[in-house]
Amino acid sequence: MVFVVSHFLPAYGDLSGFACFEVCWKAFLGDEKILSGGWFYYSGLLLANILFIGLVVALFLTKKNRGLRLVVSVVCFLHVLSWVVLHIFQQPPQVSEIEIGYYVWLAAYGLLV
């Protein structure tokens, strides 16, 4: 539920979570140069969103591969967390652009782990 709600909230600048998801799709489909750093980064965020749904379903339907699910969940969480870390270390820091929807989205991954 937290994951879904995060997509309706403001997430980055004036973009909602859904709008950010759309940006990731556009990057994946070719707005970013294929196989560039930006392409890999935004594709990773897109993949994390898709995997989140699969991981939640697997959590409730099977007890198999718990170790693998944990590893994938942690990797997704760390990739999503990297967004705020990158913004902290920008010069000047751009953390103020990150809105509540991002933090709710990050919390959903934390809960999944």
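Which side chains meet in a salt bridge, N to O? To find out, select Lys26 and Glu22 in this predicted model, and you will see that their side chains meet in a salt bridge at 3.4 Å, N to O. Both residues lie in helix α2, which covers residues 17–31, and they are four residues apart, or about one turn of the helix. A search of the whole structure finds one salt bridge.

Next, select residues 37–61, which form helix α3 and include Ile53. Show the side chains of Ile53, Val57, Leu59, Phe60 and Leu61, and you will have in view a nonpolar surface patch of about 560 Å².

Keep α3 selected and add helix α4, residues 66–89, whose axis comes within 10 Å of that of α3 and crosses it at roughly 140°. Because angles over 145 degrees are needed to count as roughly antiparallel, α3 and α4 are oblique to each other, and α3 passes α4 in a left-handed crossing. To look at the contacts between them, pick residues of α3 including Tyr41, Leu45, Ala48 and Leu55, together with residues of α4 including Val72, Cys76, Val80 and Trp83.

Finally, add helix α5, residues 100–112, whose axis and that of α3 come within 11 Å and cross at roughly 45°. That angle makes α3 oblique to α5, and the crossing of these two helices is left-handed. Here Leu45, Ala48, Asn49, Phe52, Leu55 and Val56 in α3 meet Trp105, Ala108, Tyr109 and Leu112 in α5. As you turn the view, notice that Leu45, Ala48 and Leu55 are among the α3 residues meeting α4 and also among those meeting α5.

Methods:
Residues are numbered from 1 along each chain as its sequence is written. This is a predicted model: local features need pLDDT of at least 70, side-chain atom pairs count only at pLDDT 80 or more; totals for chains, interfaces and linings use all residues. Side-chain values use heavy atoms; hydrogens and water are left out. Patches are made of residues with over 30% relative accessible area and no salt bridge: like charges are joined within 9 Å, nonpolar side chains (Val, Leu, Ile, Met, Phe, Trp, Tyr) within 5 Å. Accessible areas come from the Shrake-Rupley method with a 1.4 Å probe; for residues, only the protein chains shown count as cover. A salt bridge is a side-chain nitrogen of Lys or Arg within 4 Å of a carboxyl oxygen of Asp or Glu. Axes are lines fitted to C-alpha atoms, for helices over the stretch in contact, and angles run from 0 to 180 degrees between N-to-C directions. Angles under 35 degrees count as roughly parallel, over 145 as roughly antiparallel, 65 to 115 as roughly perpendicular and the rest as oblique. A crossing is left-handed if the near helix is turned anticlockwise from the far one by less than a right angle, and right-handed if clockwise. Contact means heavy atoms within 4.5 Å.
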